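Me: Hey, can you walk me through this one? I'd like to start with how helices pass each other.
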Amino acid sequence: MKLSKFKFNLPSELIALHPTHNRDESRLMVIHRKTGEIEHKIFKEILDYYGEGDVFIFNNTKVFPARLYGNKEKTGARIEVFLLRELNQDLRLWDVLVDPARKIRIGNKLYFGEDDSMVAEVIDNTTSRGRTLRFLYDGNHDEFKEALFKLGETPLPRYIDRPVEPEDEARYQNIFATEEGAVVAPAAGLHFSRELMKRLEIKDCQFAFLTVHSGLGNFREIDVEDLTKHKMDSEQMVVNAAVVNTVNMAKDAGKNICAVGTSVMRAVETAVSTDGHLKEFEGWTNKFIFPPYDFSVANSLITNFHMPLSTLLMMSASFGGYELIMDAYEQAIKEKYRFGAYGDAMLILD
């Protein structure tokens with residue numbers, strides 16, 4: 001499978017810059033894999049496709065305010081720092097991206113906040129853009145994290161080309177997000193409101209929550225035509241016993257299992273055993289799924305409409321079938337579906 005097969009022309013006006021007023025009222029394209037039928041619905045009508053004992057697997061990772069703006073010592077040059085992950089609590093070490101990278105060297109100090117209240121020192125160059133920063137802060141770890149996150153802003157994807165607004169803090173976050181660690185929101189989950197979750201519960205649907213701390217690798221450009229040569233960035237994930245039991249019982253009972261988002265599907269396919277059952281897992285995954293691929297656990301997938309040439313589109317095409325999904329995308333553009341994290345959703349069914 002070649003990279004160029006996932007190229008299509010996406011009109012910029014179809015990239016959603018804001019979420020729908022209500023989470024569960026975005027549009028929903030329903031794709032039936034077996035028949036090729038495509039339906040056009042509203043997201044909350046997903047209720048019509050699931051019933052007693054069916055399981056939704058969600059990603060409960062929580063996005064933190066990862067994008068900071070600071071100034072370089074002496075020159076005062078404005079520097080964007082994107083926090084990726086904490087490396088060491090005691091030493092206040094963070095793995096970060098800096099922009100512009102060419103201006104930052106080991107030993108440079110960066111100042112953050114109106115009163116320069118937060119100071120960081122560059123102690124390592126890890127990649128062309130990546131750095132390790134040591135934050136200089138006297139308080140305890142909780143106080144440090146609170147101060148650091150007050151300086152940060154919601155890390156909207158670059159394709160949402162507008163300033164961050166107050167509503168983004170809540171809306172670029174799933175309502176069930178509890179495990180802090182992501183810099184990318186699992187967008188498929190953004191469509192679930194408290195009301196919709198309650199109505200699914202009333203239908204006796206089951207919920208299972210795993211954790212994948214979604215990273216910027218989702219947006220990294222692929223620079224090889226042969227997809228077998230692409231290496232995904234690793235993401236930290238946890239599949240606990242509660243998820244395993246819920247999913248495996250449903251699978252054995254012949255119930256529907258829905259992966260809510262590509263991050264969930266990656267995690268499930270990482271933690272599957274040879275007999276097609278889920279197993280407990282805690283660690284890292286760099287699994288890259290592109291067509292053709294045989295899926296083992298979930299028999300439906302909720303996902304958003306993704307950017308051209310993205311690994312997220314490749315995952316969708318793997319599950320739905322390349323021809324059918326690319327045809328669906330063509331139809332989505334004609335019907336003016338909204339693309340990206342704040343856009344509309346697709347439900348792929350057997």
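Reply: Sure, one term to begin with: a crossing is called left-handed if the near helix is turned anticlockwise from the far one by less than a right angle, and right-handed if clockwise. Keep in mind that this is a predicted model.

Me: OK, so which way does helix 5 pass helix 6, left-handed or right-handed?
Reply: Helix 5 passes helix 6 in a left-handed crossing. Their axes cross at roughly 65° and come within 10 Å. Helix 5 covers residues 262-270, and helix 6 covers residues 311-320.

Me: Which residues make the contact?
Reply: On helix 5, look for Thr262, Met265 and Arg266. Helix 6 brings Leu312, Met315, Ser316 and Phe319.

Me: And how do they split by class?
Reply: Four are nonpolar, two are polar and one is charged.

Me: New topic: strand 3. Why is it described as largely enclosed?
Reply: Strand 3 is residues 55-59, and five of the five are buried, so the rest of the structure largely encloses it.

Me: Which residues sit on each side?
Reply: Val55, Ile57 and Asn59 are on one side, with Phe56 and Phe58 on the other. That fits a general pattern: in a regular strand, side chains alternate between the two faces of the sheet. Here both faces are covered.

Me: What does strand 3 pair with?
Reply: Strand 12 (residues 206-212) runs parallel to strand 3, joined by five bridges. Strand 14 (residues 257-260) also pairs with strand 3 in the parallel sense, over three bridges.

Me: Where does Ile57 fit in?
Reply: Ile57 has Ala208 as its bridge partner in strand 12, and in strand 14 it stands opposite Ala259.

How values were computed: Residues are numbered from 1 along each chain as its sequence is written. This is a predicted model: local features need pLDDT of at least 70, side-chain atom pairs count only at pLDDT 80 or more; totals for chains, interfaces and linings use all residues. Side-chain values use heavy atoms; hydrogens and water are left out. Axes are lines fitted to C-alpha atoms, for helices over the stretch in contact, and angles run from 0 to 180 degrees between N-to-C directions. Helices (H or I, at least four residues) and strands (E, at least two) are DSSP runs, numbered from the N terminus. Contact means heavy atoms within 4.5 Å. Ala, Val, Leu, Ile, Met, Phe, Trp, Tyr, Cys and Pro count as nonpolar, Asp, Glu, Lys and Arg as charged, and the others, Gly among them, as polar. Buried means under 20% relative accessible area, exposed over 50%, partly exposed in between (1.4 Å probe, protein chains only). Two strands pair if DSSP finds at least two bridges between them.
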